[in-house]
Amino acid sequence: ASSNICTNQALCALFATIYLATVGAHGLRAIATANMARARELRAAVLAVPGMRAASDAPFFNEFAVRTPVSARALTERMLGSGFLAGLAIDVYYPDETDLLLLCATELTTGDDIKRFTKALTEELALADAAV
């Protein structure tokens, strides 16, 4: 073959199969429940940060959008400099939505991760506010 795309797809399918076989149906349900709980914990913590607002009250699984008081793209770049992958600035896909940020939590996200993230977010927003 002149490309390895088939190999990559098969490898991803193999990983998914092994993972699902390992955790089983009950394990998958527990992982999904943990995803939802962590995402809700993250959302509540982020919305407690001054200036952050909910983009929607629609139901969600483990991803949700928030509105930032500054450019979401600039915020993600500053947070990356602080060691945090702070979500996806939606203006990549919708140029008019400069303050919309997509965040996600999984079963691997810990309560400590959320505390450190929201602390760094609060500090970055305070710095941005002071610069204005």
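Start by selecting Glu 124: with a relative accessibility of 9%, this residue counts as buried. Before you move on, keep in mind that you are looking at a predicted model.

**Stop 1: from Glu 124 to Arg 78**

Now add Arg 78 to your selection. Arg 78 and Glu 124 form a salt bridge, and their closest N and O atoms are 3.5 Å apart. Color the two helices while you are here: Arg 78 sits in helix H2 (residues 72-81) and Glu 124 in helix H3 (residues 111-131), so this pair ties together parts that are 46 residues apart in sequence. Is Arg 78 buried or partly exposed? Switch on the surface and check: Arg 78 is partly exposed, at a relative accessible area of 30%. Its partner Glu 124, remember, is buried.

**Stop 2: along helix H3**

Stay on helix H3 and pick Asp 113 and Arg 116. These residues are 3 apart, about one turn of the helix. They make a salt bridge too, with 2.8 Å between the closest N and O atoms. Both ends get some surface: Arg 116 is partly exposed at 43% relative accessibility, and Asp 113 is partly exposed at 26%.

**Stop 3: over to the strands**

Next, select Glu 97 and Arg 67. Their side chains meet in a salt bridge, 2.8 Å from N to O. Which parts of the chain does this pair link? Glu 97 is in the loop between strand E3 (88-89) and strand E4 (100-104), while Arg 67 belongs to strand E2 (residues 63-67), so the two are 30 residues apart and the pair links distant parts of the chain. With 26% relative accessibility, Glu 97 is partly exposed.

Don't leave yet: add Arg 53 and Asp 99 to the view. Together with Arg 67 and Glu 97, they are linked in a network of salt bridges. If you want to keep hunting, the structure holds 10 salt bridges.

**Stop 4: the cysteines**

For the last stop, select Cys 12 and Cys 104. How many disulfides are there? The count is 0. Cys 104 is in no disulfide, and the nearest cysteine sulfur, belonging to Cys 12, is 18 Å away. A disulfide needs the two sulfur atoms within 2.5 Å, so draw a distance line between them and you'll see the gap of 18 Å for yourself. Bring the surface back for a final look: Cys 12 is exposed, with a relative accessible area of 53%, whereas Cys 104 is partly exposed at 40%.

Definitions and conventions:
Residues numbered from 1 in each chain as written. Predicted model: local features only at pLDDT ≥ 70, side-chain atom pairs only at ≥ 80, totals over all residues. Heavy atoms only, no water. Buried < 20%, exposed > 50% of the residue type's maximum accessible area, 1.4 Å probe, protein only. Salt bridge = Lys/Arg side-chain N within 4 Å of Asp/Glu carboxyl O. Helix = DSSP H or I, 4+ residues; strand = E, 2+ residues; numbered from the N terminus.
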